[in-house]
Structure formats: C-alpha cells, structure tokens
Amino acid sequence: MKTTTDLNMVNAYIPGRADVGPLTAALIDRRNALLGPAYRLMYEHPLHIVRGDGVWLIDPQGRRYLDVYNNVTSLGHCHPAVTEAICQQVQTLATNTRYLHETILELAERLLATVPETALAHLMLTCTGSEANDLAYRIAKVHSGGTGMIVTDTAYHGITDAVSQFSPSLGTTVNLGAHVRLVPAPRLYHAQGQDLGERFTRDVEAAIADLQRHGIRPAALIVDSLFTSDGILPGPTGFLKGAVQAIQRAGGLFIADEVQPGFGRTGEHMWGFQRHGVIPDIVTMGKPMGNGQPVAGLLATTEVLQEFGQRSRYFNTFGGNTVSCAAALAVLKTIEREGLIGHARTVGSVLLDGIGRLAARHAAIGDVRGAGMFVGVELVSDRQARTPDRSLTSQVVNRMRQKGVLLSACAMGHNVLKIRPPLVLTADQARLVIAALDESLSEATADPVI
C-alpha cells in the first residue's frame, strides 16, 4: 500500500476551511449570474478544472486530482483513440440518420453482438441517457397499452419531464407521477433472514397489484442493474429473475437501465443485467458510451418495437449523428483491444478488497460492496444498527477532495461513498484511493470539522 508520503507526492493536503480565493470566488459569482440558480457545484471548495489526462483532472495551478467518480470518461479523459476518431469524423462528415452511413450500422452490429443470449435485435440512438429512458418509456406504453412504472425508492433514470416522474432520487423538487409505484431497493440489511430475490419479487408483485387495483395497466419495471443511486447493490447475482418474470407476466416490459453499470464496468460482462441471467425487453445506455461525446441509445427486441414503429416515426436531429457514432465505435473497439473488462475485474478486486480491509480499523464502515470498477462504501454511526451517517460521509468526500481524490455519495441516507473510476485505473492508483480513504476516515472521526 502507498504511504502518506506517496499521497503527498501527488497532492499536498491543505487542512482547514481555507477561503476559495478571489479568483475562484469571482468565477463562482460570474457562473451564478449567467447560469442562474438551478445549477450546483460539487464539494465545499468547488474545483476549477482546465484539463483532463487519463484518470486525472488538472486545475489552473497544475494540481492533479485522481478522478474516481466520473464514469462518463470511462476510458480516461481525452483517450487518444476516441479523440482521434472524433476529429477524423468531424473533418469528414457530420450529419444525421436520414442519410445512409456505414458507421451507425457497424456500431449497431457491435452492440447487438454483446448480447447474443437475448432476442434484442435493434438499436435506436439518442444524445443522453435521459432521452434513452424517455424513448424506452414511450415504447413500453405503446407495447403494453399501459402507463404504470415500477422503480426502486431512490432510483435515478433521467431528467426529462416523463422520466423525472419515476426518478425519486431527484427529491422533492419533482413530483412522482400517479402512475408510478416505488419498491424498496434490495438492501441486504433490510432483508435479514429473508431471501433477497423472493422479497424483491414480492415487492414488485405488490406494486403491480396496486397499479391494477387503481385501474392502471403496468408498462414497465425499470432498474439500474447495479442499483447505483440506491447505494450500489450488486448482489447476490440472479436475484432479479423473479421480479422480471412478474412484470412480464403482467404484460409489462423489463427495462435494464445500463446508463451507469454498462460498458464493462462490472468486470464480468459488457452489461450489468447479464450477471443476473435475465432477458430484458429493452436495454438503455448512455454516459460512458462516447467517453465524453454525447451519445446514448437503446437496444430492443423486434416484438417490442413492431407496433411502435408502425405507429410512430422516430427522428432525433443529433441522436445517431456520424461524429457520435464514430466516438461510440472507438469506445467499443478500445474496450475490446485493451481488455478493459478483465482489467476492471482485476483492479476492481484490488480496490474492493483494500477498502474492505479498512473496515477492521474504522467502525464507521458499515459495509463495502461492489462489482468490478464500482464500489460502494457505507458509512454509519452505529455499525450494528447500520444507522446512516450523512454528516461523516460529506466530511469524508470533502477530505478526499482536499487530498486530490474525487468521489461522491449516493443512497437514501446519502451515506454511501460512490467510487466509480475510469476503467483504465491502475492497481497503484487504486491503492492511492485506499490510502486517502484510510486517512480521511481517521481524520474525520478524530476531528469532524474541516
């Protein structure tokens, strides 16, 4: 494991509540004046970033921050294969899907080849994951004849008007629709003594029954297959099967939201749903798909799309444009060429095991769980009762930022550290994260004020 000295070679830790400085303060004021009150910045002392390089983000003074939060650039910031593909394509042709072009077809062939065990047969492209989930909901309504949606209780699926109504993690600023039913996320400590799959299935069945009792036909069950916003809940593998069967028996669709867990992040397969042995009707994707270039979309079966295609035209001015398709194709080729799924498994184990060992020294760690390059660290004030410690979590996130390691938090109690590094993270860099977390927990529990 790297020592404190090694960490300080990367970034000097600056203790105390130092002022952000006049230049940063002026930039914040300018941003607020121009962008309005709805935007948010991360961390108590916001970051000004001017450059990205692999796993690093760099500020104007040249200070480097290890980015283990942002999985949009899952190949690392400014990956040369993706930037070259974008530059070549934008210098050649940038146009839409109403003209014939081979790149979108090659992209579709490669994406569909990642799910040979399913009946998924078609690709539709959008610009964002929110749009992909919005389109999936439109398709589900047409296919099922219903509107009812079932989601977990802290889920996030996007920001369009329709999708925000089944994204409870957005909080009180957005009203859930009357057609939406929440089910408890499969939190292991809420299901002690019970089979997790059976419990989740019963909860989904109860939600289906409640929709029907109110005259609402179920359209779909949608889950993020790693339950990212619910606190990163990867297992046990296979527990989704009963719930998927339940929604399909009721005439609804199962939508696997792979916007966060997709593209090899689990270190096992290309998609998170594959670890559960289930067959989705629709798979949505986004975030890491273009390594920073806005591109997203969905895979769907022929049966699911048949009526939608007969009744609706689909066109998206920028969705599926040639530049974005070139970026997405470069991402897929890079994952394969560099063996990044296997790499995520190997380095993810270093990260998960190393953080797991910290629990012996830090009573505030209630649980450590993850799959591949996705780790959740649950922080509690009482380990036995698993009482969420939101305040400590915030302190640790900000101390990590001061040490030059960027992460965030999730879950209903806002007490699960969300560690989601680029797939190219090395074992040595994983050890930097572990050492910084060890120090941050020690400092935060000894002196909770930073």
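Author: An axis here is a line fitted to C-alpha atoms, for a helix over the stretch in contact, and the angle between two axes runs from 0 to 180 degrees between their N-to-C directions. The model discussed here is predicted.

Reader: At roughly what angle do the axes of helix α3 and α10 cross?

Author: Helix α3 covers residues 80–90, and helix α10 covers residues 322–337. Their axes come within 8 Å, and the crossing angle is roughly 150°.

Reader: Which term describes how α3 and α10 are oriented to each other?

Author: The axes cross at roughly 150°. An angle over 145 degrees counts as roughly antiparallel. The term for α3 and α10 is therefore roughly antiparallel.

Reader: How many nonpolar residues are in the contact of α3 with α10?

Author: From α3 the contact draws on Ala81, Val82, Ala85, Ile86, Gln89 and Val90, while the residues from α10 include Ala326, Ala330, Val331 and Arg337. One residue of this contact is charged and three are polar; the number of nonpolar residues is ten.

Reader: Which helix gives the most residues to the largest nonpolar core?

Author: The largest nonpolar core has 91 residues, and Leu107, Leu111 and Phe263 have the most contacts inside it. Nine residues of this core come from the helix that gives the most, namely α10.

Reader: Which residues of α10 does Phe263 touch, neighbours within four places in sequence left aside?

Author: The contacts of Phe263 include Leu111, Met270, Trp271 and Leu423. Helix α10 spans residues 322–337. Within that span, the partners of Phe263 are Val331, Leu332 and Ile335.

Reader: How many residues does the other core have, the one that lies apart?

Author: Among the residues of this other core are Leu135, Val163, Ile222 and Ala300. The core lies apart from the largest one, and its number of residues is 24.

Reader: What is the orientation of α5 relative to α9?

Author: Helix α5 (residues 129–144) and helix α9 (residues 302–311) have axes that come within 9 Å and cross at roughly 90°. Angles of 65 to 115 degrees form one class. The orientation of α5 to α9 is therefore roughly perpendicular.

Reader: How many charged residues does the contact of α5 with α9 have?

Author: Helix α5 brings Leu135, Arg138, Ile139, Val142 and His143, which meet residues of α9 including Glu303, Glu307 and Arg311. Six residues of the contact are nonpolar and one is polar; the number of charged residues is four.

Reader: Is Tyr43 buried or exposed?

Author: Tyr43 is found in the loop between α2 and β1, and its phi is positive, near 75°. Its relative accessibility is 15%, and the cut-off for burial is under 20%. Tyr43 therefore counts as buried.

Reader: What is the phi of Arg386?

Author: Arg386 lies in the loop between β12 and β13 and is buried, with a relative accessible area of 16%. Most residues other than glycine have a negative phi. Arg386 is not a glycine, yet its phi is positive, at about 55°.

Reader: Which residues does the cis peptide bond join?

Author: Most peptide bonds are trans. This cis bond has an omega of about 5°, and one of its residues is in the loop between β7 and α8. The two residues are Gly235 and Pro236.

Definitions and conventions
Residues are numbered from 1 along each chain as its sequence is written. This is a predicted model: local features need pLDDT of at least 70, side-chain atom pairs count only at pLDDT 80 or more; totals for chains, interfaces and linings use all residues. Side-chain values use heavy atoms; hydrogens and water are left out. A nonpolar core is a set of buried Ala, Val, Leu, Ile, Met, Phe, Trp, Tyr and Cys residues joined through side-chain atoms within 4.5 Å. Buried means under 20% relative accessible area, exposed over 50%, partly exposed in between (1.4 Å probe, protein chains only). Helices (H or I, at least four residues) and strands (E, at least two) are DSSP runs, numbered from the N terminus. Contact means heavy atoms within 4.5 Å. Angles under 35 degrees count as roughly parallel, over 145 as roughly antiparallel, 65 to 115 as roughly perpendicular and the rest as oblique. Ala, Val, Leu, Ile, Met, Phe, Trp, Tyr, Cys and Pro count as nonpolar, Asp, Glu, Lys and Arg as charged, and the others, Gly among them, as polar.
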